[in-house]
Amino acid sequence: MGVGMAEFLEKKVSCMKEWDKYCHYVAGLVGIGLSRLFSASQLEDAEVGRDTELANSMGLFLQKTNIIRDYLEDQQEGRAFWPQEVQAFNPALVPFLMRFHDRVVNLQ
């Protein structure tokens, strides 16, 4: 996990494949580990601990949700976890997310 995360310390995520890889290291492995722990403790069925693809997918889903939610703040702080190929494909994405962020903040 640490080795995988270290790969992205100095490197920007450029494509969707790298985004999946980054999310796997920071959240997918946690999902796999927790699923195995819950299964071993018998809080969940044994199949939950064996289905690493499902556990990894859930971790990726949650991490990507966080990245989308924090997009504007990350940009303002000089962090970039969004794939560059997505930004290049859709230049309207940044203004859209900024408007979305403003609406959410105003609801709070």
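**Close-up views of a predicted helical chain**

**View 1. Glu18 and its neighbours.** Let's start with Glu18, which sits in helix 2, a stretch covering residues 16–40. Keep in mind that what you're looking at is a predicted model. Is Glu18 buried or exposed? With a relative accessibility of 18%, Glu18 counts as buried, because buried means under 20%. So who does Glu18 touch? Leaving aside residues up to four places away in sequence, its contacts are Phe8, Lys11, Lys12 and Val13.

**View 2. Gln42, a residue with a positive phi.** Now look for Gln42 in the loop that links helix 2 to helix 3 (46–50). What is the phi of Gln42? The angle is positive, about 70 degrees, even though Gln42 is not a glycine. Why point that out? Most residues other than glycine have a negative phi. Gln42 also counts as exposed, with 70% relative accessibility, because the cut-off for exposed is over 50%.

**View 3. Ile68 and Phe81.** Next up is Ile68, part of helix 4, which takes in residues 52–69. At 37% relative accessibility, Ile68 is classed as partly exposed, because that value falls in between the cut-offs of 20% and 50%. How far apart are Ile68 and Phe81 in space? Going from C-alpha to C-alpha, you'd cover 9.0 Å, while along the sequence the two residues are 13 apart.

**View 4. Helix 2 and helix 7, two ends of the confidence scale.** Which element of the chain has the highest mean pLDDT, and which the lowest? Helix 2 comes out on top with 92, and helix 7 (residues 93–107) is at the bottom with 66. For the protein chain taken together, the mean pLDDT is 82. A value of 70 or more is reached by 83% of the residues.

**View 5. Stepping back to the protein chain.** What is this chain built from? You can count seven helices and zero strands, so to speak a run of α after α: α-α-α-α-α-α-α along the sequence. Of the 108 residues, 28% are buried; Glu18 from the opening view is one of the residues that count as buried. The accessible surface adds up to about 7,500 Å², and carbon and sulfur atoms account for 59% of that. How about contacts along the chain? Take those between residues at least 6 apart in sequence: 57% of them join residues at least 24 apart.

Technical notes
Residues are numbered from 1 along each chain as its sequence is written. This is a predicted model: local features need pLDDT of at least 70, side-chain atom pairs count only at pLDDT 80 or more; totals for chains, interfaces and linings use all residues. Side-chain values use heavy atoms; hydrogens and water are left out. Helices (H or I, at least four residues) and strands (E, at least two) are DSSP runs, numbered from the N terminus. Buried means under 20% relative accessible area, exposed over 50%, partly exposed in between (1.4 Å probe, protein chains only). Contact means heavy atoms within 4.5 Å. Accessible areas come from the Shrake-Rupley method with a 1.4 Å probe; for residues, only the protein chains shown count as cover. pLDDT is the predictor's confidence in each residue, from 0 to 100.
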